[in-house]
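Subject: Structure handover

Hello,

Here is the structure for you to look over. My notes on it follow below.

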Amino acid sequence: MATVTFISFDGEKHEVPFVEGQNLMQVAIDNGVSGIDGDCGGDAACGTCHVTVDQQWIAATGSRTPAEEQMLEMNPDCQETSRLSCQIALGAEHDGLIVNLPEFQF
Ligand code: FES
């Protein structure tokens, strides 16, 4: 079973399963991972699904969409590795993906 690991701000790890085709935000919500709100339902319109991608997974998760870029520009916690998790569609190549959760969602 393919899994992704969310690491909370305080270092707690949540390894959860995913099905190919799901987006990362939905996987967090479906598995009760706290720290992801996903208020807009995945339209890149709220910014409350912010994560930072582990360095070794940057290439595999691709680049930001223009809408995602706009949302992240408004986030005071935005980092070079920041993504909106709703914009990361998961495939088999993402088995083992590691992302970090911010302390707060804005
Ligand atoms: S769920 Fe709203 S931007 Fe990702």
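Phe9 sits in the loop that links β1 and β2. Keep in mind that this is a predicted model. Is Phe9 buried or exposed? Its relative accessible area is 55%, and the cut-off for exposed is over 50%, so Phe9 counts as exposed. Phe9 still has partners further along the chain. Setting aside residues up to four places away in sequence, Phe9 touches Leu101, Pro102 and Glu103. Val27 is another matter. Phe9 and Val27 are 18 residues apart in sequence, and their C-alpha atoms are 18 Å apart in space.

The hairpin around that loop comes next. Strand β1 covers residues 3-7 and strand β2 covers residues 13-17. The two run antiparallel and are joined by five bridges. Thr3 has Pro17 in β2 as its bridge partner. Five residues lie between the strands of this hairpin. Check the backbone at Gly11 there: Gly11 takes a positive phi near 95°.

Now the sheet as a whole. Five strands make up an open sheet, in the order β2-β1-β5-β3-β4. The pairing is mixed. Strands β2 and β4 (82-84) are the edges, and each of them pairs on one side only. From one strand to the next, the twist averages 35°.

Which way do β1 and β5 run? They run parallel, with four bridges between them. Strand β5 spans residues 97-100. Within that pair, Phe6 stands opposite Val99 in β5. Strand β3 (residues 50-53) pairs with β5 too, in the antiparallel sense, over two bridges. Here Thr52 is opposite Asn100 in β5. Val53 is opposite Val99 in β5. Val99 therefore faces Phe6 from β1 and Val53 from β3.

On the helices, α3 lies across β3 and β4. Its direction is at about 120° to β4.

The core is worth a look in your viewer. The largest nonpolar core has 27 residues. Which residues have the most contacts inside it? They are Val4, Phe6, Leu24 and Leu97. At least two residues of this core come from each of β1, α1 (24-30), β3, α3 (66-73) and β5. Helix α1 gives the most, with four residues.

Leu24 shows how these parts meet. Not counting residues up to four places away in sequence, Leu24 touches Val4, Phe6, Val51, Ser85, Ile88, Leu90, Leu97 and Val99. That list includes Val4, Phe6 and Leu97, which are named with Leu24 for the most contacts inside the core.

Thr61 is a polar residue to inspect. Thr61 belongs to helix α2 (residues 58-61). Why does Thr61 count as buried? Its relative accessible area is 10%, and buried means under 20%, so Thr61 qualifies. Two backbone oxygens lie by its side chain. The backbone oxygen of Trp57 is 3.0 Å from a polar atom of the Thr61 side chain. The backbone oxygen of Ile58 is also 3.0 Å from a polar atom of that side chain. Leaving aside neighbours within four places in sequence, Thr61 is in contact with Val53, Arg83, Ile88, His94 and Leu97. Among these, Ile88 and Leu97 also touch Leu24.

Last, the chain overall. The protein chain has three helices and five strands. From the N terminus on, the elements run β-β-α-β-α-α-β-β. Does the radius of gyration agree or disagree with a compact globule? A compact globule of 106 residues would have a radius of gyration near 13 Å; the protein chain has 12 Å, so the two agree. The C-alpha trace spans about 35 × 25 × 25 Å along its principal axes. Of the 106 residues, 46% count as buried. As for contacts, take those between residues at least 6 apart in sequence: 62% of them join residues at least 24 apart.

Best regards

Definitions and conventions. Residues are numbered from 1 along each chain as its sequence is written. This is a predicted model: local features need pLDDT of at least 70, side-chain atom pairs count only at pLDDT 80 or more; totals for chains, interfaces and linings use all residues. Side-chain values use heavy atoms; hydrogens and water are left out. Buried means under 20% relative accessible area, exposed over 50%, partly exposed in between (1.4 Å probe, protein chains only). Contact means heavy atoms within 4.5 Å. A polar contact is a pair of N or O atoms within 3.5 Å; within protein, one must be able to donate a hydrogen and the other to accept it, and residues adjacent in sequence count only if both atoms are side-chain atoms. A nonpolar core is a set of buried Ala, Val, Leu, Ile, Met, Phe, Trp, Tyr and Cys residues joined through side-chain atoms within 4.5 Å. Axes are lines fitted to C-alpha atoms, for helices over the stretch in contact, and angles run from 0 to 180 degrees between N-to-C directions. The radius of gyration is taken over C-alpha atoms; the globule rule is 2.2 Å times the number of residues to the power 0.38.
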